[in-house]
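Biologist: Hi! Could you open the model so we can talk it through together?

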Amino acid sequence: MTMGATTPPTIDERFENMLISPERVLEMLGRRRVGEVSFEQSEQGDARRLLLNVEKVAIENKRLQEKTEATYQESVSHQLHEILFEELTEQLSYTDELVQNVLNLPENIGELLDALSVRACSVSKLEPIAATMPWLYDELIVVVNTPQFRRKDSRGRIIVVETLRTALSFLGIENLRTLIPSLILKRAMPQITDPYPLIKQKLTRYSTGVAMTTKRLGIINDINKNTAYTLGMLSNLGRCAVTRLYFKLFDKIQLHLLKECQKDKEQKRHEALLKITPSANHLIAMQQEFADAVSADIMEWMNLKRLPIASPMRDCANKIPAESGSLCKVLHQARSYTQVRMLYQLKLVEMKDVKPLFVEQKYPQGALEKLKTIDIFTLPLVKNEDSH
């Protein structure tokens, strides 16, 4: 999408770019950033009009040189990304290593999700599984000691929770069904994504929005709300994996190529490589190509016996037309709704652009009105007074 193009960017194009950097969407829409002044209005514009012909020629020569350098840099970037694409494709095929070494999730994560999903779930059944995951203990202890869940003893003193059993008990099963899938995603979330530091924040917000919307649409369609919620939250594990791998491989391959240039005394290529930064366009393309299939691979790898989310995720990845009221259709609807809501909040879309998408998704009657009334970006955790 080039600036000045007659066709406005699609909702999908806006959303994918917004996840990486909202500034990119403003550029796509041809809007100026705050405080930006057009060239014609600037002092530089006034000065340019007064330039002598000789200076104009010098400037044009410089522009052509810069264009040549940019073209060379693009070709070097293309070579780097060809290598990256091959490595990324190969690493994504090893799901076991991907889950445990890239996303840092344990091999018994499916067992934990299965235990949470059954109606007869209890603290005594969850505790031995959760106890094998020190990172989960750390996260739960932080949450249970926040003011929202804090308890006092008979003398009015704050009870500091230090054991896993007490944390699970104080939080309660319903909160844990909401909290644990969110903490699994948080564990998998990419951490360092320079020069696009907002990816983690935007992807976390999107994942929560999709999960909460899927849950609400699940209720409307008589689908188990916790199954729908968990699918919505974990449907973004593939995005996490692709993003983490992209930045990790970019650094590794760039360093390898720089060492090659030093060894072969290729100064021009070395200088071009130093200027190359991770590419939003390549990352978006790789997300669109792989993310959903990787999410489906991960859910199948979890070997879930009680939680039926792997099959609808695979249908979604395979772009199989989803039946009305199915879990796959509900996920599609939740994603579309969350994307629009995030874009609308940032004034990156107008309602007239959105209506055809909503019509296409065929939401149940009254569903959009109900969704408008809930905060889909905040987990609805409530103080559990019943457990002791």
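Modeller: Happy to; we can go through a few residues, one helix and the empty spaces. This is a predicted model, where local features need pLDDT of at least 70, side-chain atom pairs count only at pLDDT 80 or more, and totals for chains, interfaces and linings use all residues. Residues are numbered from 1 along each chain as its sequence is written, and side-chain values use heavy atoms, with hydrogens and water left out.

Biologist: Let's start with K202. Where does K202 lie?

Modeller: K202 lies in helix α11, residues 199-220. Helices here are DSSP runs of H or I, at least four residues, numbered from the N terminus.

Biologist: And is K202 buried or exposed?

Modeller: K202 is buried (under 20% relative accessible area with a 1.4 Å probe, protein chains only; exposed is over 50%, and partly exposed is in between). K202 has no salt bridge (a side-chain nitrogen of Lys or Arg within 4 Å of a carboxyl oxygen of Asp or Glu). The nearest side chain of opposite charge, E23, is 10 Å away (Lys and Arg count as positive, Asp and Glu as negative; His and the chain ends are not counted).

Biologist: What does K202 touch, then?

Modeller: Leaving out residues up to four places away in sequence, K202 touches M18, L19, P22, M342 and L346. Contact means heavy atoms within 4.5 Å.

Biologist: New topic: which residues of α5 are buried?

Modeller: In α5, residues 95-102, those are T95, L98, V99 and V102. They fall within an arc of 115° seen down the axis, so they line one face of the helix; the arc is that of the directions from the helix axis to the C-beta atoms.

Biologist: How about E87, which helix is that in?

Modeller: E87 is found in α4, residues 53-92, and is partly exposed, with a relative accessible area of 22%. E87 touches L249, K252 and I253, again not counting residues up to four places away in sequence.

Biologist: Now the empty space. How much lies in the largest pocket?

Modeller: About 730 Å³. A pocket is an open set of points on a 1 Å grid over the protein atoms alone, with protein on both sides within 12 Å along at least five of seven lines, and lining residues have an atom within 4 Å of a point. Grid points are joined across faces, edges and corners, and a volume is the space filled by probe spheres set on the points.

Biologist: Which helix gives the most to that pocket's lining?

Modeller: α15, with seven residues. Of the 26 lining residues, D12, D292, H332, R335 and Q339 are the closest to the centre of the pocket.

How values were computed: Helix = DSSP H or I, 4+ residues; strand = E, 2+ residues; numbered from the N terminus. 1 Å grid on protein atoms, 1.4 Å probe; cavity = no way out; pocket = protein on both sides within 12 Å on 5 of 7 lines; lining within 4 Å.
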